[in-house]
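Got your viewer open? Load the model and let's take a walk through it, one selection at a time.

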Amino acid sequence: MQVTHLPGRGLVAAVISSIGVRYDGALGLISTGLYLDLSRVLRNPVDDPTMRCHTGLDDDVHVHVLATPGALELILRTSVQLCALADETPVGRLVRLTVVCQGGRHRGVAAAETVGHLVWEAWGGAYGVDIEHHHIDHPVLTPSNPA
C-alpha cells in the first residue's frame, strides 16, 4: 500500500482509499462513508500499452483518466459531497471515501488523488487528508472482458 499524506494544521479529517475490486478481500476494505465506483467508467489506461505498467500517480495516466469526458465533473461532485459530509461530522471523527476500479492501479488512484487534493485545498490546509492506495503495487490485471 502507498499513502499520500496531505498535512494540515489540525488532525487528519479525511481518509480516501483506492482499491481494485477484482482482488480477493477488496470488498472487505470498504468502510463507512462515501463510495465511488469507477470500475466501468472513465478511460482505462490499462488498454494502452504505453501506460499499462504505470499508475495513477504517473502524470501520463493521471492526465489520461481526467481527460475522459465527464471525469472532472464526477470528481468535483465527489469532493463537494465529501466536504459536505465532513461539515456534518463531529470534530475528531474521520470522513471516508472509497474509490473503486478494476485493478486499483490507474483510474481509482488518479481519481482518489484528485479528490484528496481538492478537499485539502477547500479546507485551506486546516485539516490533513490521507489517500491510501491499497492495490497500487499489485500486478496489472488482464482485462475482465477482453474484446
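Start by selecting Asp58, which sits in the loop between strand E3 (34-37) and helix H1. (Helices, H or I with at least four residues, and strands, E with at least two, are DSSP runs numbered from the N terminus.) Asp58 is partly exposed, with a relative accessible area of 32%. Here, buried means under 20% relative accessible area, exposed over 50%, and partly exposed in between, using a 1.4 Å probe and protein chains only. Now add Gly28: the C-alpha atoms of Asp58 and Gly28 are 27 Å apart, with the two positions 30 residues apart in sequence.

A quick note on what you're looking at: this is a predicted model, where local features need pLDDT of at least 70, side-chain atom pairs count only at pLDDT 80 or more, and totals for chains, interfaces and linings use all residues. Residues are numbered from 1 along each chain as its sequence is written, and side-chain values use heavy atoms, with hydrogens and water left out.

Next, select H1, residues 59-66. Which residues of H1 are buried? They are Val61, Val65 and Leu66. These three cover an arc of only 125° around the axis (taken from the directions from the helix axis to the C-beta atoms), which puts them on the same side of H1. An α-helix has 3.6 residues a turn, so residues three or four places apart point the same way. Spin to the face turned away from the buried side and you'll find the exposed residues Asp59 and Val63. Then show helix H2 (71-87) and helix H3 (107-122), because the buried residues of H1 pack against both, contact meaning heavy atoms within 4.5 Å.

Now jump to Gly20, in strand E2 (residues 12-20). Is Gly20 buried or exposed? It's buried, with a relative accessible area of 0%. Leaving out residues up to four places away in sequence, Gly20 touches Ala26, Cys101, Gln102, Gly103, Gly104 and His135. Try Gly108 too: its C-alpha atom is 7.8 Å from that of Gly20, though the two are 88 residues apart along the chain.

Finally, zoom out. The protein chain has 3 helices and 5 strands, in the order β-β-β-α-α-β-α-β along the sequence. The C-alpha trace spans about 50 × 30 × 20 Å along its principal axes. Of the 147 residues, 45% count as buried. And residues 24 or more positions apart make up 81% of the contacts with a separation of 6 or more.
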